[in-house]
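Welcome! Open your viewer, keep the selection tool at hand, and let's walk through this structure together.

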Amino acid sequence: MSQEFNNSGAQTPVDASILEKDKEQPEHLAALPEKSFKDYIVISIFCFFVAFGGFVFGFDTGTISGFVNMSDFVQRFGQLNAAGNYYLSNVRVGLMISIFNVGCAVGGIFLCKVGDMYGRRVGLMFSMVIYVVGIIIQISSQRAWYQFFIGRLIAGLAVGTVSVISPLFISEVAPKQVRGTLVVCFQLCITLGIFLGYCTTYGTKRYTDSRQWRIPLGLCFAWAIILVVGMLSMPESPRYLVEKNKIDEARKSIARSNKVSEDDPAVNTEVQLIQAGIDREALAGNASWKELITGKPKIFRRVIMGIMLQSLQQLTGDNYFFYYGTTIFQAVGLRDSFQTSIILGIVNFASTFAGIWAIEKLGRRLCLLTGSAAMFVCFIIYSLIGSQHLYKNGYSNEPGNTYEASGKAMIFITCLYIFFFASTWAGGVYCIISESYPLRIRSKAMSVATAANWMWGFLISFFTPFITSAIHFYYGFVFTGCLLFSFFYVYFFVSETKGLSLEEVDVLYASGVAPWKSDKWVPPSVDEMAHTYAFQENKPEGEHV
Ligand SMILES: OC[C@H]1O[C@](O)(CO)[C@@H](O)[C@@H]1O
């Protein structure tokens with residue numbers, strides 16, 4: 001007879017056949033009794049340390065957008081124009097900002113393997129060593145813009161690695177009942193990082209020398225130390241340990257996260273549950289890349305959906321504001337565009353909490369549909385004011401002029417836009433994607449979709465300076481078009497996955513129910529599923545029910 005944790009910390013008996021049954025029905029564990037919130041506090045603190053990786057990512061976004069508008073930075077890394085003034089060419093700005101995304105994509109695909117080989121903690125600490133190298137290269141750049149550029153590429157490799165390992169680590173140590181919320185903490189930390197990045201550059205722009213950008217970069221050493229110290233005190237992923245057959249260490253880790261003694265029979269049960277999960281995945285086998293195209297039921301359609309959603313998340317235009325907000329608002333004649341960025345940062349951070357609530361309350365589809373429609377309206381108004389009023393009439397820096405009023409209206413509408421982005425598409429996309437694939441192809445499908453996010457992040461951050469120079473605020477209509485498209489795309493192609501287990505999602509797709517009717521779809525009972533649909537995607541074509 002095995003044991004399990006219950007709310008009071010005492011043990012209740014569990015039929016050992018549950019563990020056997022779990023090998024056939026992966027989501028059977030979901031039926032285990034829930035724990036109370038206070039039981040999750042310790043593990044939540046641990047997870048927050050891991051999610052701090054998101055902060056490192058966000059801090060970069062928040063600071064680089066300010067650097068390209070700082071006098072010392074422009075003088076060092078810019079070129080001289082005919083009038084004898086320093087400026088940063090579009091190529092330099094685009095490359096310096098976007099190269100980070102390229103590093104992230106490469107690190108996210110290749111370097112994250114360190115986490116599989118040596119453990120999640122080592123993986124994260126290793127990425128911080130690379131990150132520090134990248135920061136040292138940037139901070140020591142004197143006048144060579146390409147040195148700064150290389151430093152950003154290296155730091156990007158590290159942040160891409162962190163962005164893959166952190167959510168994975170959290171999902172492995174967090175109890176199922178709070179896993180979704182804790183995974184969204186990663187996005188929350190990104191927004192906190194962006195906000196504090198903006199605050200930092202706001203604080204240092206008053207210097208006239210390299211402290212303007214070297215202080216914010218210097219702070220990155222502190223973030224690396226916090227993450228490493230956090231990892232030293234963090235228990236290793238029990239899943240990784242069981243996989244490597246380090247059962248005693250897995251026991252220690254579980255005991256620490258759950259604040260019980262190692263000899264507690266409940267710890268043993270947890271180890272067995274993890275082992276059952278690993279067996280279950282081994283049973284399903286490791287999918288080949290080809291199965292992303294040929295897999296059943298409708299895997300290819302789901303992979304395309306993941307790529308589309310991650311691409312559209314970037315094509316909502318959020319990073320147009322996050323990377324170039326300071327530049328844009330300087331262009332509309334605002335005297336303190338750095339201050340504006342801080343406001344955007346606060347709205348982004350605070351609205352992410354609304355997102356955590358909305359995704360569960362409204363469901364995935366309604367959340368994304370509402371977000372697309374609302375952001376569409378915001379971007380139209382923003383682009384109209386920008387292109388018709390400001391750009392056509394020109395603008396001046398004189399306080400109180402009508403153009404300053406237009407600029408303020410644009411800031412207001414941008415805040416509204418960011419509220420809708422952060423509370424819908426920002427976390428919603430990760431949530432849908434993490435729920436849409438069967439276990440055996442999940443990591444491959446997710447990494448392909450995430451790579452699409454980085455790629456669009458790169459394209460948008462690279463081309464934005466060129467496009468804004470050429471068509472100014474008309475650029476906003478490009479995002480408006482994408483948002484309109486995203487509404488119809490979600491309506492016709494994205495199925496509701498709220499509250500469904502991974503197996504139920506398979507059944508949903510196998511049943512061929514139209515996405516726009518999927519929120520009314522009721523999954524069959526577990527028994528029915530076990531006999532009809534379960535693991536269909538593992539059977540060769542023709543054997544499906
Ligand atoms: O909060 C905004 C940030 O969130 C992301 O979309 C990732 O989900 C980033 O690309 C962006 O900078």
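**Stop one: a helix residue**

Start by selecting M305, which you will find in helix 14. Before going on, keep in mind that this model is predicted. Is M305 buried or exposed? It counts as buried, because its relative accessibility is 1%, and the cut-off for buried is under 20%. Now add V494 to your selection. M305 and V494 are 189 residues apart in sequence, yet their C-alpha atoms are 7.0 Å apart in space.

**Stop two: a loop residue**

Next, select E262. Look for E262 in the loop between helix 11 (247–258) and helix 12 (265–284). With a relative accessibility of 39%, E262 counts as partly exposed. Try drawing a distance from the C-alpha of E262 to the C-alpha of A250: the two are 9.8 Å apart in space and 12 residues apart in sequence.

**Stop three: the ligand**

Now click on the ligand and show what surrounds it. Which residues should appear around the ligand? They are Q187, T191, I194, Q313, Q314, D318, N319, F322, N348, F421 and Y430. By class, this shell has 4 nonpolar, 6 polar and 1 charged residues. Colour the helices and you can see where much of the shell comes from: helix 8 (176–204), helix 14 (299–315), helix 15 (318–331) and helix 18 (402–435) each give at least two residues to it.

Zoom in on the oxygen atoms of the ligand and check these distances:

- From the side chain of Q187, an N or O atom is 2.9 Å from a ligand oxygen.
- Q314 has a polar side-chain atom 3.0 Å from an oxygen of the ligand.
- For N319, the distance between a side-chain N or O atom and a ligand oxygen is 2.7 Å.

Then switch on the surface. On its own the ligand has 320 Å² of accessible area, and the protein covers 98% of that.

**Stop four: a pocket**

For the last stop, select T327, I328, A331, P465 and T468. Of the 21 residues lining the second largest pocket, these lie nearest its centre. The second largest pocket holds about 440 Å³ of space. Helix 3 (71–77), helix 4 (90–111), helix 15 and helix 19 (439–471) are the elements that give two or more residues to its lining. Which helix gives the largest share of the lining? That is helix 15, with 5 residues. Finally, colour the lining by class: you should find 13 nonpolar residues, 8 polar ones and no charged ones.

Technical notes
Residues are numbered from 1 along each chain as its sequence is written. This is a predicted model: local features need pLDDT of at least 70, side-chain atom pairs count only at pLDDT 80 or more; totals for chains, interfaces and linings use all residues. Side-chain values use heavy atoms; hydrogens and water are left out. A residue is near a molecule or strand if one of its heavy atoms lies within 4 Å of it. A polar contact is a pair of N or O atoms within 3.5 Å; within protein, one must be able to donate a hydrogen and the other to accept it, and residues adjacent in sequence count only if both atoms are side-chain atoms. Accessible areas come from the Shrake-Rupley method with a 1.4 Å probe; for residues, only the protein chains shown count as cover. Helices (H or I, at least four residues) and strands (E, at least two) are DSSP runs, numbered from the N terminus. Ala, Val, Leu, Ile, Met, Phe, Trp, Tyr, Cys and Pro count as nonpolar, Asp, Glu, Lys and Arg as charged, and the others, Gly among them, as polar. On a 1 Å grid over the protein atoms alone, a cavity is a set of points where a 1.4 Å probe fits but cannot get out, and a pocket is an open set with protein on both sides within 12 Å along at least five of seven lines; lining residues have an atom within 4 Å of a point. Grid points are joined across faces, edges and corners, and a volume is the space filled by probe spheres set on the points. Buried means under 20% relative accessible area, exposed over 50%, partly exposed in between (1.4 Å probe, protein chains only).
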